[in-house]
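Subject: Structure handover and notes

Dear colleague,

I am passing on the structure below, together with some notes on what was found in it. Please open it alongside this message, as the notes are meant to be read with the model in view.

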Amino acid sequence: MLDLIILSLHFFICFLISIAIWCGPKDMESHTSSTGGAETEPDGLIFIGKEEDIKKSQRITAKINGREIVVFYHEGKFNALDSRCYHEGGPLCHGEIEDINGQACIVCPWHKFRITLETGEGLYEGINPLEPTPTPKWQSKGVKQRIHKVTIDNGNVYVSPPDLSVSFDSDYFADKYKNGGELAMGKQSHSEAAE
Ligand code: FES
């Protein structure tokens with residue numbers, strides 16, 4: 001009888017151990033998927049897509065650690081920014097690109113704020129009281145939108161992970177839409193986004 005009890009206990013313990021082993025990798029898997037599918041290279045760069053594909057689509061969205069970003073290809077240059085506008089979170093991935101004084105700017109589709117692709121500066125038209133002019137001129141409000149460093153290597157496009165020790169106005173909306181929101185999306189081309 002005692003033998004039977006010991007044998008049953010042995011099987012029960014083996015059963016508990018196998019459940020524990022089975023649960024381990026599953027937890028790791030769900031942690032990895034929280035990156036939204038972005039692949040991180042050993043050097044820390046985050047793979048966004050193939051250079052040729054982005055050149056064709058002209059823009060692509062991606063999620064890096066849950067953060068929505070958009071990479072534009074415009075006039076031979078790649079630029080990456082937070083996808084949510086620093087003003088009220090408008091989807092910059094759906095905006096038109098406009099040239100203002102030789103600077104490529106994304107025009108937010110919600111309230112038409114202009115943001116330079118290269119530096120993330122918010123621009124506004126106004127008169128500088130220190131240098132008054134008869135008509136308003138484009139002025140900078142400073143860097144409002146977080147930009148992301150783009151690296152092209154061997155036909156692949158990568159962005160660097162954001163340096164969160166420095167903050168920008170767009171961080172508020174990047175966090176707000178991190179875990180869902182109507183624009184929650186994986187990698188998507190402009191044409192797909194417009195559908
Ligand atoms: S949300 Fe972009 S201009 Fe208002």
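Which residues have the most contacts inside the largest nonpolar core? Before the answer, please bear in mind that this is a predicted model. The core in question has 31 residues, and those with the most contacts inside it are Ile48, Ile69, Val70 and Val71. At least two residues of this core come from each of β2 (46-50), β3 (59-64), β4 (67-74), β5 (77-82), β7 (103-107), β13 (156-159) and α3 (171-176), and β4 gives the most, with five residues. For Val70, leaving aside residues up to four places away in sequence, the residues touched are Arg59, Thr61, Ala80, Leu81, Ser83, Leu92 and Cys93.

For the chain as a whole, the secondary structure comes to four helices and 14 strands. The protein chain has 195 residues, of which buried residues make up 28%. If one takes the contacts between residues at least 6 apart in sequence, 51% of them join residues at least 24 apart.

Turning to the strands, there is an open sheet of five, in the order β6-β7-β8-β9-β10, and the pairing in it is antiparallel. The edges are held by β6 (96-100) and β10 (137-143), each of which has a single partner strand, so one side of each is left without a neighbour in the sheet. From one strand to the next, the twist averages 40°. Within this sheet, β9 (residues 121-126) is joined to β10 by five bridges, the two strands running antiparallel, and Glu121 stands opposite Val143 in β10.

Two asparagines also deserve a look for their backbone angles. Asn101, which is not a glycine, nevertheless has a positive phi of about 50°, and its place is in the loop between β6 and β7. Asn101 counts as exposed because it has 9 C-beta neighbours inside 10 Å, the cut-off for exposed being 12 or fewer. Asn154 likewise has a positive phi, near 55°, in a residue other than glycine, and is found in the loop between β12 (150-153) and β13. With 5 C-beta neighbours inside 10 Å, Asn154 therefore counts as exposed.

With best wishes

Technical notes
Residues are numbered from 1 along each chain as its sequence is written. This is a predicted model: local features need pLDDT of at least 70, side-chain atom pairs count only at pLDDT 80 or more; totals for chains, interfaces and linings use all residues. Two strands pair if DSSP finds at least two bridges between them. Axes are lines fitted to C-alpha atoms, for helices over the stretch in contact, and angles run from 0 to 180 degrees between N-to-C directions. A nonpolar core is a set of buried Ala, Val, Leu, Ile, Met, Phe, Trp, Tyr and Cys residues joined through C-beta atoms within 7 Å. A residue is buried if 20 or more other C-beta atoms lie within 10 Å of its own, exposed if 12 or fewer, and partly exposed in between; C-beta atoms are placed from the backbone. Two residues are in contact if their C-beta atoms, placed from the backbone, lie within 7 Å.
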